[in-house]
Amino acid sequence: MAGTRDAKQRVMDATVELIREGGLRAAAPAAIAERAGAGKMSLYRHFDGKDDLVAEALKDYLPQQLALLLGPWDAPDPRQRILDVFDRLARVADNGTIKACVYVTTRLEAADASHPAAPLAVTYKNNVVKAFTDALAEMGHADPETTGRMIAMQVDAAVVHAIVYGNARPVHDARRIVEMLLNTA
């Protein structure tokens, strides 16, 4: 069964790659099968349909996406862990490879809240907010929950604006806003 499991993983990986590159519409079954090097019937052997495949692929990808955003999250100073997120995003924006969050783009394209992937955007965002909130609590911040949500919103705004403007300036601006939020502890 290892070959079957490997094929399923290749299909899920291809799905996420295609969504990252071109959104939910780019993840057509034929494109997924081609990218995965699998037959189109392989998709339907493992998944009930495209929506089920997208949801399972994004669920599987969640730890990787969190690691991409948060990085190693091992700096001893919680303030630095938070600011490191913006420094990493700025480097990615500077080299022109910044991409919108795969969970946000999927949620925007799958406007129907009953789409099986819709709750994954909430799960992802809640995980991001929790990481920031926990770091803020570790710092002794007066309102870690609200500030954690505000920092997560700065991440989203910075990424969108960096894509629109094609440079890292919005990320640097967002980092300055976050520094102000951190200084209100």
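A residue counts as buried when its relative accessible area is under 20%. This criterion applies directly to His141 in the present structure, which is a predicted model. His141 has a relative accessibility of 7%, and therefore counts as buried. The residue is located in the loop that connects H7 and H8. From there, the side chain of His141 forms a polar contact with the side chain of Thr184, at 3.4 Å.

Burial can also be followed along a helix. In H6, the buried residues are Val102, Tyr103, Thr105 and Thr106. When H6 is viewed down its axis, these buried residues lie within an arc of 165°, so they line one face of the helix.

H6 also takes part in the lining of the largest pocket, to which helices H4 (50–70), H5 (78–94), H6 (102–109), H7 (118–139) and H8 (144–165) each contribute at least two residues. H8 provides the largest share of this lining, with five residues. The space in the largest pocket amounts to about 450 Å³. Its lining consists of 22 residues, of which Gln65, Leu89, Ile98, Lys99 and Val159 are the closest to the centre of the pocket. By character, the lining residues comprise 14 nonpolar, three polar and five charged.

Finally, the confidence of the prediction may be considered. The mean pLDDT of the chain is 93, and 97% of the residues score at least 70. Confidence is highest in helix H9 (residues 169–182), with a mean of 98, and lowest in helix H3 (residues 40–46), with a mean of 85.

Methods. Residues are numbered from 1 along each chain as its sequence is written. This is a predicted model: local features need pLDDT of at least 70, side-chain atom pairs count only at pLDDT 80 or more; totals for chains, interfaces and linings use all residues. Side-chain values use heavy atoms; hydrogens and water are left out. pLDDT is the predictor's confidence in each residue, from 0 to 100. Helices (H or I, at least four residues) and strands (E, at least two) are DSSP runs, numbered from the N terminus. On a 1 Å grid over the protein atoms alone, a cavity is a set of points where a 1.4 Å probe fits but cannot get out, and a pocket is an open set with protein on both sides within 12 Å along at least five of seven lines; lining residues have an atom within 4 Å of a point. Grid points are joined across faces, edges and corners, and a volume is the space filled by probe spheres set on the points. Ala, Val, Leu, Ile, Met, Phe, Trp, Tyr, Cys and Pro count as nonpolar, Asp, Glu, Lys and Arg as charged, and the others, Gly among them, as polar. Buried means under 20% relative accessible area, exposed over 50%, partly exposed in between (1.4 Å probe, protein chains only). The arc is that of the directions from the helix axis to the C-beta atoms. A polar contact is a pair of N or O atoms within 3.5 Å; within protein, one must be able to donate a hydrogen and the other to accept it, and residues adjacent in sequence count only if both atoms are side-chain atoms.
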